[in-house]
Amino acid sequence: MYRYLLFDLDGTLTDSKEGIMNCARWAIEQLGDTPPDDSILVQFVGPPLRESFLEFCRYPLEKAEEAMRLYRERYVPIGQFENEPAPGIAEVLKRLKDQGYTLALASSKPQELCESICARFGFTPSLTVISGCTPENRGSKAAAIREALARLGLTDADKPSVLMIGDRKFDVLGARECGIDCLGVEFFGYAVPNELRDSGAIAVVQTVPELEAFLSGRFSPGD
């Protein structure tokens, strides 16, 4: 039985597509390059930012680091506000906490932005821990998960009771690296078809009510 729930942020608790795509496009243009089309830019939602610039723009590491700096130059004052919560998710987080779950955030987004966004959308009171990217973990999903586990005071013996919840394969693979299960969500459709199941998610839910039903034992695929 799960007792501890770790949530991803972008694409899970929030629909952050607009801000992420706008900031990625802006950073690429500032470097004098032509941005890829939207079908590529939307894939920036979810993965660690460095990996996106390396993979989708084919940038060498130094240029990817500069692109990340430019991205955040726009994201901090503007992009983080081009963002909306998943419908009803703040209320679901509160109910889950009231049911006795311990909730935490584990995101590859910078720590200070995680804190800002969670506060703005009313998530913070439900979260025992907010774990984001720091200079030390450099955006690694597994590192964010490990940090959340450590700050919750959990050990290897607790891992069977921990569930990661996220919308991309990076959440599933990061959870596996840390020895915990992952539930996939497809609230906004950012994962490619079958991405979550093929990566090893224990199940995939499509809506916030389905997420709540799964965690209360009332969900079965096809409902």
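Trainee: Which residues touch the most other members of the largest nonpolar core?

Mentor: Happy to start there, keeping in mind that this is a predicted model. The largest nonpolar core holds 53 residues. Those that touch the most other members are L5, F53 and F123.

Trainee: And what does F123 touch, leaving out residues up to four places away in sequence?

Mentor: Let's take the contacts in sequence order. F123 reaches L9, L13 and T14, and also P85, I89, A90 and L93. Completing the list for F123 is C118.

Trainee: How many residues are in the other core?

Mentor: This core lies apart from the largest one. Among its members are Y4, C178, A191 and L196. Its size is 22 residues.

Trainee: Are helices α7 and α8 parallel, perpendicular, antiparallel or oblique to each other?

Mentor: Good one! Helix α7 spans residues 141-151 and helix α8 residues 169-177, and their axes are 8 Å apart. The angle between them is about 55°, which falls outside both the under 35 and the 65 to 115 degree classes. The two helices, α7 and α8, are therefore oblique.

Trainee: Which residues of α8 make the contact with α7?

Mentor: On the α7 side, the contact uses K141, A142, I145 and R146. Over both helices, the contact residues divide into 4 nonpolar, 1 polar and 4 charged. From α8 come F170, D171, G174, A175 and E177.

Trainee: Is R58, with its positive phi, buried or exposed?

Mentor: R58 is not a glycine, yet its phi is about 60°. The residue sits in the loop between α3 and α4. With a relative accessible area of 68%, R58 is exposed.

Note on methods: Residues are numbered from 1 along each chain as its sequence is written. This is a predicted model: local features need pLDDT of at least 70, side-chain atom pairs count only at pLDDT 80 or more; totals for chains, interfaces and linings use all residues. Side-chain values use heavy atoms; hydrogens and water are left out. Axes are lines fitted to C-alpha atoms, for helices over the stretch in contact, and angles run from 0 to 180 degrees between N-to-C directions. Helices (H or I, at least four residues) and strands (E, at least two) are DSSP runs, numbered from the N terminus. Angles under 35 degrees count as roughly parallel, over 145 as roughly antiparallel, 65 to 115 as roughly perpendicular and the rest as oblique. Contact means heavy atoms within 4.5 Å. Ala, Val, Leu, Ile, Met, Phe, Trp, Tyr, Cys and Pro count as nonpolar, Asp, Glu, Lys and Arg as charged, and the others, Gly among them, as polar. A nonpolar core is a set of buried Ala, Val, Leu, Ile, Met, Phe, Trp, Tyr and Cys residues joined through side-chain atoms within 4.5 Å. Buried means under 20% relative accessible area, exposed over 50%, partly exposed in between (1.4 Å probe, protein chains only).
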